[in-house]
Amino acid sequence: MPITPAAAATHTPSTGTAEEILLELVDENGVTIGTAEKLAAHQPPGLLHRAFSVFLFDERGRLLLQQRALGKYHSPGVWSNTCCGHPYPGEAPFAAAARRTYEELGVSPSLMAEAGTVRYNHPDPDSGLVEQEYNHLFVGMVQSSPRPDPEEVGDIAFVTPEELAERHAKDTFSAWFMTVLDAARPAVRELTGPSAGW
């Protein structure tokens with residue numbers, strides 16, 4: 001069940017356990033309406049909540065993918081975009097995206113810019129959880145070597161559009177990956193230029 005903003009104010013992200021992480025619930029317009037515990041928000045049919053997805057590219061226009069660590073409770077071991085997650089209640093999506101990219105991959109994005117929003121409903125057939133998300137998209141550059149946190153990231157890869165298509169055909173990707181990539185494509189093309197092929 002959603003809990004009140006007043007109760008959310010007692011949450012301390014730096015000391016909370018995974019069971020205590022709160023997400024920001026939103027309406028169909030992205031307006032905050034309350035909070036809910038993270039796992040509860042993903043139980044069927046899912047509660048619409050705020051999320052973010054980051055797409056970082058190197059100087060050659062290759063997309064940085066991450067394989068989610070096997071210890072993840074949701075979509076473990078699958079490939080996905082550079083970084084995705086949820087802002088803490090009251091945290092700006094841009095700040096959350098930069099924070100989590102550094103926490104998971106050990107890099108600070110440069111030239112990171114907003115790339116719109118996308119709303120989706122993606123059930124995960126393996127876990128039974130549901131992604132009902134109002135997702136803020138960001139694109140940017142990575143100019144230093146990633147240092148992934150093994151508890152968060154199993155592997156990484158920089159890929160061209162052609163390499164992504166090959167990998168997508170043979171490997172398992174997150175249920176939301178193509179939805180967020182397609183929504184971000186106009187900003188990706190603007191960032192990487194026509195020669196990159198996105």
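**View 1. Leucine 23 stands opposite alanine 36 of strand E2.** The model is predicted; local features require pLDDT of at least 70 and side-chain atom pairs pLDDT 80 or more, whereas totals for chains, interfaces and linings use all residues. Residues are numbered from 1 along each chain as its sequence is written, and side-chain values use heavy atoms, with hydrogens and water left out. Strand E1 (residues 22-26) and strand E2 (residues 32-37) run antiparallel and are joined by five bridges. Strands (E, at least two residues) and helices (H or I, at least four) are DSSP runs numbered from the N terminus, and two strands pair if DSSP finds at least two bridges between them. Five residues lie between the strands of this hairpin, in which glycine 30 adopts a positive phi near 80°.

**View 2. Arginine 100 meets glutamate 104 in a salt bridge within helix H3.** The N to O distance is 2.9 Å; a salt bridge is defined as a side-chain nitrogen of Lys or Arg within 4 Å of a carboxyl oxygen of Asp or Glu. Helix H3 spans residues 93-105, and the two partners are four residues apart, about one turn of the helix. Both arginine 100 and glutamate 104 are buried (under 20% relative accessible area; exposed is over 50% and partly exposed in between, with a 1.4 Å probe and protein chains only).

**View 3. Glutamate 152 also forms a salt bridge with arginine 100.** Here the N to O distance is 3.2 Å. This pair links distant parts of the chain, 52 residues apart: glutamate 152 belongs to the loop between strand E8 (130-141) and strand E9 (153-159), and arginine 100 to helix H3. Glutamate 152, like arginine 100, is buried.

**View 4. Arginine 185 and aspartate 182 form a salt bridge in helix H5.** Their closest N and O atoms are 2.9 Å apart. The residues are separated by three positions, about one turn of helix H5 (residues 177-192). Aspartate 182 is partly exposed, at a relative accessible area of 42%. Elsewhere, salt bridges with shared partners connect Lys72, Glu91, Arg99, Arg100, Glu103, Glu104 and Glu152 in one network. The whole structure contains 12 salt bridges.

**View 5. Cysteine 83 and cysteine 84 are in no disulfide.** A disulfide is counted for a pair of cysteine sulfur atoms within 2.5 Å, and the count under this rule is zero. For cysteine 83, the nearest cysteine sulfur is that of cysteine 84, 6.3 Å away. Cysteine 83 is buried, with a relative accessible area of 0%. Cysteine 84 is likewise buried, with a value of 14%.
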